[in-house]
Amino acid sequence: MIQAADLPDTLPVFPLPGALLLPRARLPLHIFEPRYLQMLEDTFKTSHRLIGMVQPFPSKTEESPLHSIGCAGRVTQFSETEDGRYLITLSGVSRFRIKTEVNGFTPYRRCEVDWGDFTRDLGKVEADKSFNRPEFLDLLERFFESRSLSTDWDALKDAEDELLINSLSMMLDFDPEDKQALLEAPCLATRRETLVTLIEFALRGGSHEEILQ
């Protein structure tokens, strides 16, 4: 397990709209662009093997502004295809706050980051003491039916609070700004409340703009 003292001051970042990584969760990625292949190669040379996932703001330029909060993941699995692409898995370690973007000679983006606001991310698995699982699963079932989605309901019933809430936050198809709100939730209970709000609005045919009002 990575300790706070092992977290680097500078981090390579992967801006990817809609891709959410949370602490202690896993995110599979397909790496094929030359700049990100270089990022992966450089990451393998470090002791921490951390990559920061960040939501970019919508922009017509290649260097889109970045949200100030992202989540770092450690490369824990990877395989190379015959044509030089990589399939990797990032295991979420901790969220971070971007201090400034580093101007350098790498083809990918790097940022100076601060981890101080998210020390709890390195701690134990979170529980949600006010979580009403039957009520939540009933809401989720209605949402899945409305989207013609299927899942292993027995596995959802048995999953730990954090695994269930974080996995759904990462998996469900919400707008990037909604994903950012789930990322920035200060605790698991707040993330669950945000997730419930997003699901309820989706069932009512609501939009992201309505949620923000």
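The structure holds eleven salt bridges, and this tour of the predicted model visits three of them before turning to a helix, a buried charge and the chain as a whole.

**First stop: Arg-24 and Glu-162**

Select Arg-24 and Glu-162 and display their side chains. The two residues form a salt bridge in which the closest N and O atoms are 2.7 Å apart. This pair joins distant parts of the chain, for Arg-24 belongs to the loop between S1 and S2, Glu-162 belongs to helix H4 (residues 161–171), and 138 residues separate them. The partners also differ in their exposure: Arg-24 is partly exposed, with a relative accessible area of 30%, whereas Glu-162 is buried, with a relative accessible area of 6%.

Keep Arg-24 selected and examine its backbone. Its phi is positive, at about 70°, although the residue is not a glycine. The loop that holds Arg-24 runs between strand S1 (10–15) and strand S2 (26–31).

**Second stop: Arg-49**

Now select Arg-49. What is notable about the phi of this residue? The angle is positive, about 55°, and Arg-49 is not a glycine. The residue lies in the loop between helix H1 (34–44) and strand S3 (50–54). Arg-49 is partly exposed, with a relative accessible area of 25%.

**Third stop: Asp-83 and Arg-85**

Move on to Asp-83 and Arg-85, and display both side chains. Here a salt bridge brings the closest N and O atoms to 2.9 Å apart. Asp-83 is exposed, its relative accessible area being 54%, while Arg-85 is partly exposed, at 28%.

**Fourth stop: Asp-128 and Arg-192**

Next, select Asp-128 and Arg-192. Their side chains form a salt bridge, with the closest N and O atoms 2.7 Å apart. Like the pair at the first stop, this one links distant parts of the chain. Asp-128 sits in the loop between strand S6 (109–114) and helix H2 (133–146), Arg-192 sits in helix H6, and the two are 64 residues apart. Are these partners buried or exposed? Asp-128 counts as buried, at 4% relative accessibility, and Arg-192 is buried as well, with a relative accessible area of 12%.

**Fifth stop: Arg-191**

Select Arg-191, which is found in helix H6 (residues 188–203). Arg-191 is buried yet has no salt bridge. Which side chain of opposite charge is nearest to Arg-191? It is that of Glu-126, 5.1 Å away. This distance lies outside the salt-bridge limit, because a side-chain nitrogen of Lys or Arg must be within 4 Å of a carboxyl oxygen of Asp or Glu.

Display the surroundings of Arg-191 next. Leaving aside neighbours within four places in sequence, its contacts are Leu-22, Arg-95, Ile-165, Asn-166, Ser-169, Leu-182, Leu-183 and Ala-185.

**Sixth stop: helix H4**

Three of the residues just named, Ile-165, Asn-166 and Ser-169, lead to H4, where they are among the buried residues. Select the whole of this helix. How many of its residues are buried? Eight of the eleven are, and H4 is therefore described as mostly covered. Besides those three, the buried residues are Asp-161, Glu-162, Leu-164, Leu-168 and Met-170. Glu-162 is the partner of Arg-24 from the first stop.

To see what covers the buried residues of H4, colour the elements around the helix. They include S2, H2, helix H3 (153–158), helix H5 (176–184) and H6.

**Final stop: the whole chain**

Finally, clear the selection and show the full chain as a cartoon. Its secondary structure comes to seven helices and six strands. Followed along the sequence, these elements give the pattern β-β-α-β-β-β-β-α-α-α-α-α-α. The radius of gyration is 18 Å, close to the 17 Å that the globule rule gives for 213 residues, so the chain is as compact as a globular protein of that length. Along its principal axes, the C-alpha trace spans about 50 × 40 × 40 Å.

Switch to a surface view. The accessible surface comes to about 11700 Å², and carbon and sulfur atoms account for 50% of it. Buried residues make up 45% of the 213 residues. Of the contacts with a separation of 6 or more, 68% are between residues 24 or more positions apart.

Colour the charged residues last. The chain has 24 positive and 36 negative side chains, and the centres of the two sets lie 3 Å apart.

Definitions and conventions:
Residues are numbered from 1 along each chain as its sequence is written. This is a predicted model: local features need pLDDT of at least 70, side-chain atom pairs count only at pLDDT 80 or more; totals for chains, interfaces and linings use all residues. Side-chain values use heavy atoms; hydrogens and water are left out. Helices (H or I, at least four residues) and strands (E, at least two) are DSSP runs, numbered from the N terminus. The radius of gyration is taken over C-alpha atoms; the globule rule is 2.2 Å times the number of residues to the power 0.38. Buried means under 20% relative accessible area, exposed over 50%, partly exposed in between (1.4 Å probe, protein chains only). Contact means heavy atoms within 4.5 Å. Accessible areas come from the Shrake-Rupley method with a 1.4 Å probe; for residues, only the protein chains shown count as cover. Lys and Arg count as positive and Asp and Glu as negative; His and the chain ends are not counted. The place of a charge is taken as NZ of Lys, CZ of Arg, CG of Asp or CD of Glu.
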